[in-house]
Amino acid sequence: MALLSLVGCGGGGDGLDSQEPGLSGTITIESGTRVDSDTADDSRLNEAISNDSSTTAQLVPSTGILGGYLSATSGTYPGSGEFVFEYVTDAQDVFRADLAAGSTIAVQVFRDSDFPAPEITLSVEQGGASDSVSGAGDTPLIVSAPADGATQISLSTTGGGPFRYVLSISTAGVTNFQSSHYSQPEFVPDQAIVLMSPEEQGSMGPQGLAGALSASSAKSLGQGAWLVRRDSVGVVASQSSGSAGGLRRETLRWIAELKAEPGVQVAEPNYIYRAQADRDLSSLQWNLPLISLPLAWQAAPSQGNSVGVAVMDTGLFTSTPQTYGDWHLDLDANVVPFNSGRILDYVSADVDIDPQFNDPLGYDNNPADPGDGKPQSSNFHGTHVAGIVAALRDSAGVDGVAPETTLWPVRVLGRDGAGTLDDLVAAINWAAENPNIDVINLSLGGVGPSTVLEAAINRADDNGKLVVAAAGNQGTDELTYPAAFERVIGVGAVDAGKVRASYSNFGGSVDLVAPGGDATRDANLDGNADLVISTWGVDDGGEFIRSYAGLQGTSMAAPHVAGVYALMKGANPGAVTPGQFRAWLASGVLTENVGNNTEYGAGLINALKSVDAALDGSVSTIVLSSPSAIEFDRARFNSELDFTVYPEGQSVVVNDIAFDSDLISLDPALSAGSPLPTSVSVSVVEQNVVDGQSYATTIQIDYSAGGETGTLEIPVSIDLRELADERDAGRHYVLLVSPDESRETIEQRVVTAGDGSYSFSFDDIEPGEYFLVAGTDMDNNGFICESGEACAEYPVNGLPEKIVIGEERVTGVSLSTSFRRPTIASMGLPRIGFEGYRLKNDENQTAQPVRTLETKR
């Protein structure tokens, strides 16, 4: 960790005061931030302002984020030792806001594991219209504003223990809720993926590289990427507690050291990716007519013939796992023929279970799924995924989406459906160079944003292979990789009623949705749970028997899209490319609109529309805008709007232009018959808007090009209600913390917001090294910076650095606080095992923490 010396330095601020040693500065608050007015911390100080009814509803902005506290009961937190921290009853919080139709209200819940799961209901009401959703808070709760206007938002609990929550309000179409907790991805301890600089690539072999990096071994993954190990330990079963957590933290420290080694361009964890499915049984293929496949087969009679689909998963069921062949009867005719020199099993020793068949514990040419003898295993996951793509239409078993494709089963997941980043990268690097593969299906995922993995995927995309991935089953907007990578088609899941499955992720990982099933629903009222049936295998009796099973998951959704792409490619090979597919997807010609793009992306894949687009051989002229929506506030009255035309070079003429000219103006002005410029400047008509109000309009441009017509709509919002001094992230405890592993709080101050920020000061501080942190304790449990609490760390949240305080006063130090948490991509490495900072307490048995309020500075 870097050591930042502020001795004799104002940190870019106000200068020095040599007469008074210490530290002072300011904590800024993220725009649009609010805090629940009756937290447990407020109640402790008798400063809570009730917001539990319509008449006492708390006003919140039309877009923004709010941290809060609720509990159906009162009591004392367990495990506080000699100090007592109490929670109070607060069963409901009510808020009011002026929202636009379609605005999304999402709540993330964070609770102490010592308490039972709460029973929570989130509801929104506008006049007579309402929407609500209930749950235990294990996945985010989401509702939408039914219409424009004054809105009441209620969050209530009827059971369980105390919990923190983060409520976010976003305008329609906005998908970046961002998470309020640090991601905890799985990765293999004592292993790292290293990408060497171009100058170093090829200069050293495995032994030389291992020696240069003080590693025990190194394995080439191709293209300058290496897997390096130190005292290999394999996959740890539990990645979140006890010694495993310590080992993970030590691994991250080692990887941080690797980053500083000469010639190392990238060093990152060997992330573990898991199959994205839940197991159950069903017998109905409702999923095929849901995306118009029977009609699509008529429009594309080749049904994917001569198109290669690589299913990178757990391998493929066979009755003879020791040898290549004898595949599941629904797939056998479509599997690529055997080639002794071709590697299709990329599962390495750490997570493989081939030794029972005398496998040499390395990559080999047999992608057979060896099973594990367990009745409730995930090892035939790849067989299920492959069946969705490529099961034969032979009046037996099940039908695949593209039943004439060539199936390339590539084994990258082993024991318990888990695999490692090094194996996945090696497999994709191989597939990227294989001219017979057209689409790669990745029904797997983790939360590690691997640079090396993204480079491999981009290389495959450059070589004409579309990469499709499952968006994840955590029911959150937390980015899941590889689905969230820019050049990956991330697929969310819907049930038989075309509604987002309860587990399906949303937001930035979802480009579109497909049938994934939901065991908790029977949306088509056929008397069966909405599960996707496909090929499976049974090996729990020691004998391998082909079977069928119904599963749910985004793992099931992704191969629907891969199969549809195969149909399109087979129908018109020259016209269908990954780039063309993305252009069609952006234009809406491949999908059916089933809901907001936050949950559904571009919509539900429609096989008939997709094949029709491919058979046309060219796409209608599409005009896209950047940004896709414009938001103005008191600090921003102008915005540049850029237009992108596809295909490039196509001439576009404006047929009509409509917007509220009393609110905004365009420069240059657009008029019927004029060519569409590359960009326009959009400005607020300031004399027609009033402080404290909000406004909305839409820029609608009707255009024509090459005899075709289209419409582009850009929503515009003007929110003049957000004042800097209204920002409030709640009472903040500012701590100087020891830099050792104990993270003991040495000094503590308490501040409240004034003029949209906090001011703090430490006087007569003992010279030394400290971490400077601040945050809320809304649930009054004695910790700040937990998930769901506001948090600020110097200099950047998620990347704290030591401050050295000397004999002279340091002033002008600046931090920023937020209820959001940074992504792994911005931190560089995951943050494992972080549980917040403990508050300093009085030396007495009443055990109230030192929380005397400072005056506003």
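Two strands are said to pair when DSSP finds at least two bridges between them, and with that rule in hand the sheets of this predicted model can be walked through one at a time.

**The whole chain**

Begin with the protein chain in full, coloured by secondary structure, where 13 helices and 50 strands are assigned. The chain has 857 residues, and 55% of them count as buried. If you turn on a surface, the accessible area comes to about 32,000 Å², with carbon and sulfur atoms contributing 47% of it. Among contacts between residues at least 6 apart in sequence, 73% join residues at least 24 apart.

**The five-stranded sheet**

Now select β4, β8, β13, β10 and β11, which in that order form an open sheet of 5 strands with mixed pairing. The edges are held by β4 (58–59) and β11 (129–135), and because each of these has a single partner strand, one side of each is left without a neighbour in the sheet. Move inward to β10, residues 119–126, and β13, residues 149–159, which run antiparallel to one another and are joined over 7 bridges. To see how these two strands line up, show V124 and look across to β13, where I153 stands opposite.

**T104 in strand β9**

Next, select T104, which lies in strand β9, residues 104–111. Is T104 buried or exposed? The relative accessible area of T104 is 2%, and since burial is set at under 20%, T104 counts as buried. Add I169 to the selection and draw a distance between the C-alpha atoms: T104 and I169 are 65 residues apart along the chain, yet their C-alpha atoms are separated by 5.7 Å.

**Helix α8**

Go on to helix α8, residues 451–462, whose 12 residues reach 16 Å from the first C-alpha to the last, close to the 16 Å expected at 1.5 Å a residue. At the start of α8, display the side chain of S450, one oxygen of which comes to within 3.3 Å of the backbone nitrogen of V452. V452 is also one of the buried residues of α8, along with L453, A456, I457, N458, A460 and D461. Beyond the helix, stop at G464, which follows α8 and has a positive phi, near 90°.

**E599 and its surroundings**

From there, select E599 in helix α11, residues 597–600. With a relative accessible area of 14%, E599 falls under the 20% limit and is therefore buried. Which residues does E599 touch, leaving aside those up to four places away in sequence? They are R500, F506, V510 and V513. Show the side chains of E599 and R500 together, and a polar contact of 2.7 Å can be drawn between them.

**The four-stranded sheet**

Finish at the open sheet formed by 4 strands in the order β33-β39-β38-β35, in which the pairing is again mixed. Its edge strands are β33 (630–633) and β35 (653–658), each of which pairs on one side only. From one strand to the next, the twist averages 20°. For a last close view, keep β35 and β38, residues 694–705, which pair in the antiparallel sense over 5 bridges. Here D656 stands opposite D702 in β38, so the pairing can be followed through the backbone hydrogen bonds by which strands of a sheet pair, either parallel or antiparallel.

How values were computed:
Residues are numbered from 1 along each chain as its sequence is written. This is a predicted model: local features need pLDDT of at least 70, side-chain atom pairs count only at pLDDT 80 or more; totals for chains, interfaces and linings use all residues. Side-chain values use heavy atoms; hydrogens and water are left out. Buried means under 20% relative accessible area, exposed over 50%, partly exposed in between (1.4 Å probe, protein chains only). Contact means heavy atoms within 4.5 Å. Accessible areas come from the Shrake-Rupley method with a 1.4 Å probe; for residues, only the protein chains shown count as cover. Axes are lines fitted to C-alpha atoms, for helices over the stretch in contact, and angles run from 0 to 180 degrees between N-to-C directions. The expected span of a helix is 1.5 Å times one less than its number of residues. A polar contact is a pair of N or O atoms within 3.5 Å; within protein, one must be able to donate a hydrogen and the other to accept it, and residues adjacent in sequence count only if both atoms are side-chain atoms.
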